[in-house]
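Thanks for coming. I will go through one structure today, mainly how its helices pack against each other.

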Amino acid sequence: MVFVLAAAVFAQGTSEFMLSGMLADIAADSGVSLGEAGLLTSVFAVGMVLGAPTMAMAASAVPRRVALMGFLALFALCHVVGAMTANFAVLLGTRLVAAVANAGFLAVVLASLPVLVRPPLVGRATSVILSGVTIACIAGVPAGTVVGQLWGWQSAFWAIAALSAVALVVLWPTTSALAGRGGGCAPVWTEWRVLAQRRLLVVIGIGILVNAATFAGFTYLGTITTAVSAPGSAWVPAALALFGIGSFLGVTIAGRCSDRYARRIVTGGAVVVTALWVLAALSAHTLLGVLVLALVTGAGSFGVGSAVIASIVSSASESAPRIAGALATTAFNLGAIAGPAAAGLAVGGAAHAYLALWISAGFAAAAALLATLSAQRKS
């Protein structure tokens with residue numbers, strides 16, 4: 001069942017990132033500028049951040065099984081509506097609602113892992129779920145872009161809706177273990193007291209910083225590759241694919257080890273990732289350097305990031321089972337917003353896109369410092 005949940009996350013991850021290759025067509029069909037069409041991506045990120053805590057609290061009033069199915073059905077419905085409209089305001093609204101549903105689904109899934117698998121396997125199960133996102137970057141986004149180019153961007157929306165519907169049909173009979181609400185009788189808002197735990201706050205902070213580093217560099221990877229190759233070069237999708245492949249490898253390897261060595265992976269890994277982003281920045285002026293470091297930084301960043309997310313879920317699930325997944329999801333998406341925003345301030349134009357890699361190194365260094373100080377305090 002964990003793999004079916006990962007398939008649903010794959011569909012959602014594909015939806016989140018696939019619009020980058022379709023914005024021009026959407027803008028033309030909707031009668032808006034390319035810049036306005038870019039809001040479809042921004043509003044999705046905002047919806048993810050706002051949706052994780054609010055939907056986790058709302059879901060506490062119903063069995064987790066019902067919440068999961070409801071969020072997935074709403075996500076599919078949003079794509080059906082989006083595929084049938086040329087009104088930009090309606091399309092923008094569907095993206096916001098789809099993001100909220102996505103955040104709610106992911107938050108409930110992550111919070112449910114301690115119920116679905118034995119406690120020693122939570123880290124591995126988390127890596128399987130997050131592999132849905134990384135595979136979306138490797139295969140889903142390019143495939144969605146190709147489908148949109150061949151049959152119109154609406155066809156990509158229909159494909160996401162269909163995949164979500166299939167996951168919905170498969171999941172319903174296999175999620176009987178989630179028939180309960182899973183959280184006790186206390187009001188859900190009382191679980192937010194878990195944020196008073198210093199150890200959890202530190203892990204959440206590390207998660208935000210690691211993911212900020214990841215998305216600061218990834219956002220400008222295509223521009224950096226273009227600068228050292230040529231406009232329209234085939235090396236651009238190759239670099240993006242290498243980052244995605246590295247991400248999948250990192251999540252897979254970390255997932256097999258994080259249940260036993262979580263603290264070492266987070267602390268030592270943050271130091272290693274800092275060094276990798278520095279090497280990436282220093283190598284950003286050569287095509288070979290960009291390609292090699294795309295693979296390696298993808299592996300390191302997502303490997304450490306998945307271990308941090310698993311640590312957040314494990315740390316919070318005992319005293320805050322209904323919002324543990326929301327905390328992890330929010331940390332991930334706050335980083336996804338903060339990283340590109342900070343990098344955007346540093347990168348004035350395409351010629352200086354490599355500066356985003358130094359921003360990544362800075363975020364990673366902050367994460368390493370926080371993790372090291374925390375480890376020293378515990379010892």
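**Helix packing in a predicted model**

Let me start with helix α9, residues 198-219, and α13: their axes come within 6 Å of each other and cross at roughly 40 degrees. That angle makes α9 oblique to α13. The crossing in which α9 passes α13 is right-handed. On the α9 side the contact is made by Leu200, Ile204, Gly207, Ile208, Asn211, Ala212, Phe215, Ala216 and Thr219, and on the α13 side by Leu327, Ala331, Phe332, Leu334, Gly335, Ala336, Ala338, Gly339, Pro340 and Ala343. Sorted by character, the residues of this contact of α9 with α13 are 14 nonpolar, five polar and no charged.

I should say at this point that the model is predicted.

One residue from that contact is worth a stop. Ala331 sits in helix α13. Is Ala331 buried or exposed? Ala331 has a relative accessible area of 2%, so Ala331 is buried. Setting aside neighbours within four places in sequence, Ala331 is in contact with Ile204, Gly207, Ile208, Asn211 and Ile312. Four of the names you just heard, Ile204, Gly207, Ile208 and Asn211, are on the α9 side of the contact with α13. There is also a C-alpha to C-alpha distance to give: Ala331 and Gly205 are 7.5 Å apart in space, with their positions 126 residues apart in sequence.

Now the overall view. The protein has 14 helices and zero strands. Read from the N terminus on, the elements therefore run α-α-α-α-α-α-α-α-α-α-α-α-α-α, with helices as defined by DSSP runs. Of the 379 residues in the protein, 53% are buried. How much of the contact in the protein, at a separation of 6 or more, comes from residues 24 or more positions apart? The figure is 83% of those contacts.

Back to α13, with another partner. Helix α6 covers residues 88-116 and helix α13 covers residues 324-346; the two pack at an angle of about 125 degrees, with their axes 7 Å apart. This makes α6 oblique to α13. Again the crossing is right-handed, as α6 passes α13. Which residues make the contact? From α6 there are Ala103, Leu106, Ala107, Leu110 and Ala111, and from α13 there are Gly325, Ala326, Ala328 and Thr329. The residues of this contact of α6 with α13 divide into seven nonpolar, two polar and no charged.

The residue I would pick out here is Ala107, whose place is in helix α6. Its relative accessibility is 1%, so Ala107 counts as buried. Leaving aside neighbours within four places in sequence, Ala107 is in contact with Ala52, Ala56, Gly325, Ala326 and Thr329. Of these, Gly325, Ala326 and Thr329 belong to the α13 side of the contact with α6. As for Gly51, 56 residues away along the chain, its C-alpha atom is separated from that of Ala107 by 9.1 Å.

The last part concerns the N-terminal helix. Helix α1, residues 2-17, has 16 residues and reaches 22 Å from its first C-alpha to its last, close to the 22 Å expected at 1.5 Å a residue. Its buried residues are Val2, Leu5, Ala6, Ala8, Val9, Ala11, Gln12, Gly13, Thr14, Ser15 and Glu16.

What does α1 pack against? One partner is helix α8, residues 153-171: the angle between α1 and α8 is about 160 degrees, and their axes are 9 Å apart. That makes α1 roughly antiparallel to α8, since angles over 145 degrees count that way. The crossing of α1 past α8 is left-handed. In α1, Val4, Leu5, Ala8, Phe10, Ala11, Thr14 and Ser15 meet Ile160, Leu163, Ser164, Ala167, Val170 and Leu171 in α8. The residues of this contact of α1 with α8 come to 10 nonpolar, three polar and no charged.

Finally, Gln12, which is placed in helix α1. With a relative accessible area of 1%, Gln12 is buried. Which residues is Gln12 in contact with, leaving aside neighbours within four places in sequence? They are Leu72, Phe75, Asn102 and Phe105.

That is the set I wanted to show.

Note on methods. Residues are numbered from 1 along each chain as its sequence is written. This is a predicted model: local features need pLDDT of at least 70, side-chain atom pairs count only at pLDDT 80 or more; totals for chains, interfaces and linings use all residues. Side-chain values use heavy atoms; hydrogens and water are left out. Axes are lines fitted to C-alpha atoms, for helices over the stretch in contact, and angles run from 0 to 180 degrees between N-to-C directions. Angles under 35 degrees count as roughly parallel, over 145 as roughly antiparallel, 65 to 115 as roughly perpendicular and the rest as oblique. A crossing is left-handed if the near helix is turned anticlockwise from the far one by less than a right angle, and right-handed if clockwise. Contact means heavy atoms within 4.5 Å. Ala, Val, Leu, Ile, Met, Phe, Trp, Tyr, Cys and Pro count as nonpolar, Asp, Glu, Lys and Arg as charged, and the others, Gly among them, as polar. The expected span of a helix is 1.5 Å times one less than its number of residues. Buried means under 20% relative accessible area, exposed over 50%, partly exposed in between (1.4 Å probe, protein chains only).
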